[in-house]
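Visitor: I would like to know the grounds for the terms used to describe this structure. Please show it before we begin.

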Amino acid sequence: MSSTPSTEPIIHAANLTRIYPLGDGSVVGISQVNLDVAPGELVVLKGNSGSGKSTLLSLLAGLDRPTSGDLSVAGNNLSNSHRLDLTRFRREVVGMVFQSFNLLPTLNVLENVSLPALLADKDAEATRGKALELLDWLGLKNRRDHHPGQLSGGEMQRTAIARALINDPALILADEPTGNLDSRNGMMVIDLLGQLNRAFKRTVVIATHSDLADSLATRHIRIRDGALTDPSCDG
Ligand SMILES: Nc1ncnc2c1ncn2[C@@H]1O[C@H](COP(=O)(O)OP(=O)(O)O)[C@@H](O)[C@H]1O
Ligand SMILES: [Mg+2]
């Protein structure tokens with residue numbers, strides 16, 4: 001059995017840049033970002049609205065392609081992604097949680113959670129068992145037959161977390177996961193992401209402008225106008 005050296009970063013970005021063409025001009029999403037994240041970190045990425053947080057997370061998730069620079073995530077080269085099965089990467093390597101939950105309204109909780117596994121051709125019975133286990137852990141077992149419209153915001157976000165975990169992703173990306181939640185539910189979601197990091201050794205990146213996740217972070221990163229800034233210089 002071969003073992004990966006623990007020094008290998010799970011995220012490696014070098015001069016990573018995403019420029020959005022807009023009319024005759026262009027808008028900088030992120031510019032010249034250099035970032036290495038080791039497995040097992042919980043990174044809190046902070047910056048004002050429009051600073052580039054979602055742009056960076058979309059690139060890490062394989063939802064968008066860089067304009068230039070290098071990016072590799074869990075050994076997958078995303079700067080040269082025509083060689084990569086991006087659908088498989090998005091489904092099995094990363095788990096993404098969004099501010100707006102992004103659940104399918106016509107599917108119930110159990111079906112929403114199971115979908116990424118079924119799309120990845122996983123065994124249906126095993127998937128059901130795993131989904132129920134996740135829902136149990138997230139306090140949602142009695143909600144499994146409900147549709148998203150019948151849930152509170154906190155329950156929707158916990159459903160989205162279960163969905164993000166169903167394929168055992170190496171990396172969990174959360175883009176403003178508490179942005180639509182009250183502080184109690186926001187704290188619950190952040191606590192769960194913290195448990196995933198500490199108890200289950202998952203690498204987690206949380207983009208946020210709230211302070212809820214600060215105490216759980218193993219690493220703080222600041223972004224401003226598309227560029228990472230040194231947090232120690234940022235009074
Ligand atoms: N699809 C897009 N087309 C054009 N500009 C975009 C697009 N997405 C983001 N931007 C711009 O890129 C910059 C960074 O945006 P974003 O990554 O969404 O920031 P944040 O998530 O920190 O609010 C902003 O100036 C934003 O307007
Ligand atoms: Mg954003």
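The exchange below goes through the overall form, the sheet, a hairpin, the core and the ligand shell of this predicted model.

Visitor: Why is the protein chain called as compact as a globular protein of its length?

Guide: Its radius of gyration is 18 Å, and the globule rule gives 18 Å for 235 residues. The value is close to the rule, so the term applies. Along the principal axes, the C-alpha trace spans about 50 × 45 × 40 Å.

Visitor: What makes up its secondary structure?

Guide: The protein chain has 6 helices and 10 strands. Of the contacts with a separation of 6 or more, 70% are between residues 24 or more positions apart. Buried residues come to 41% of the 235.

Visitor: What makes the sheet that contains β1 an open one, and which strands are its edges?

Guide: The order of its 4 strands is β2-β1-β4-β5, with antiparallel pairing. The edges are β2 and β5 (76-77), since each of these pairs on one side only.

Visitor: How do you know that β1 pairs with β2 and with β4?

Guide: A pair needs at least two bridges. Between β1 and β2 there are 9, in the antiparallel sense, and between β1 and β4 (residues 68-73) there are 5, also antiparallel. Both counts meet the cut-off, so both are pairs. As examples of partners, P21 is bridged to S26 in β2, and I11 stands opposite V73 in β4. Two residues separate β1 from β2 in a hairpin, where G23 in the turn has a positive phi of about 60°.

Visitor: What makes β9 a partner of both β3 and β10?

Guide: The same cut-off of at least two bridges applies. Strand β3 (residues 42-46) is joined to β9 (residues 219-224) by 4 bridges, and these two run parallel. Strand β10 (residues 227-229) pairs with β9 over 3 bridges in the antiparallel sense. On the β3 side V44 stands opposite H220; on the β10 side R222 stands opposite T229. A hairpin with 2 residues between the strands links β9 and β10, and D225 in its turn has a positive phi of about 50°.

Visitor: Why is H220 called partly exposed?

Guide: H220, a residue of strand β9, has 14 C-beta neighbours inside 10 Å. Buried would require 20 or more, and exposed 12 or fewer. The value of 14 lies in between, so H220 counts as partly exposed. From H220 to D230 the C-alpha distance is 9.3 Å, with 10 residues of sequence separation.

Visitor: Why is α1 described as largely enclosed by the rest of the structure?

Guide: Of its 8 residues, 6 are buried, so the description follows. Those residues are K53, T55, L56, L57, L59 and L60. Just after α1, G62 takes a positive phi of about 75°.

Visitor: Which residues of the largest nonpolar core touch the most other members?

Guide: They are L60, V73 and L173, in a core of 61 residues. Helix α5 (residues 153-165) gives the largest share of this core, 6 residues.

Visitor: What does V73 touch beyond its sequence neighbours?

Guide: Leaving out residues up to four places away in sequence, V73 touches I10, I11, L60, L78, V93, V94 and L171. L60, one of these, is a buried residue of α1, and I11 is the residue opposite V73 in the pairing of β1 with β4.

Visitor: Which residues surround ligand 1?

Guide: The shell consists of Y20, L22, V27, G29, G47, S49, G50, S51, G52, K53, S54 and T55. Elements giving two or more residues to it are β1 (11-22), β2 (25-37) and α1 (53-60). The largest share, 3 residues, is from α1.

Visitor: How many residues of each class are in the shell around ligand 1?

Guide: By class there are 8 polar, 3 nonpolar and 1 charged residues. Gly is counted with the polar class, so the glycines of the shell fall under that heading.

Key. Residues are numbered from 1 along each chain as its sequence is written. Chains are lettered from A and ligands numbered from 1 in the order in which they are written. This is a predicted model: local features need pLDDT of at least 70, side-chain atom pairs count only at pLDDT 80 or more; totals for chains, interfaces and linings use all residues. A residue is near a molecule or strand if its C-beta atom, placed from the backbone, lies within 6 Å of it. A nonpolar core is a set of buried Ala, Val, Leu, Ile, Met, Phe, Trp, Tyr and Cys residues joined through C-beta atoms within 7 Å. Two residues are in contact if their C-beta atoms, placed from the backbone, lie within 7 Å. The radius of gyration is taken over C-alpha atoms; the globule rule is 2.2 Å times the number of residues to the power 0.38.
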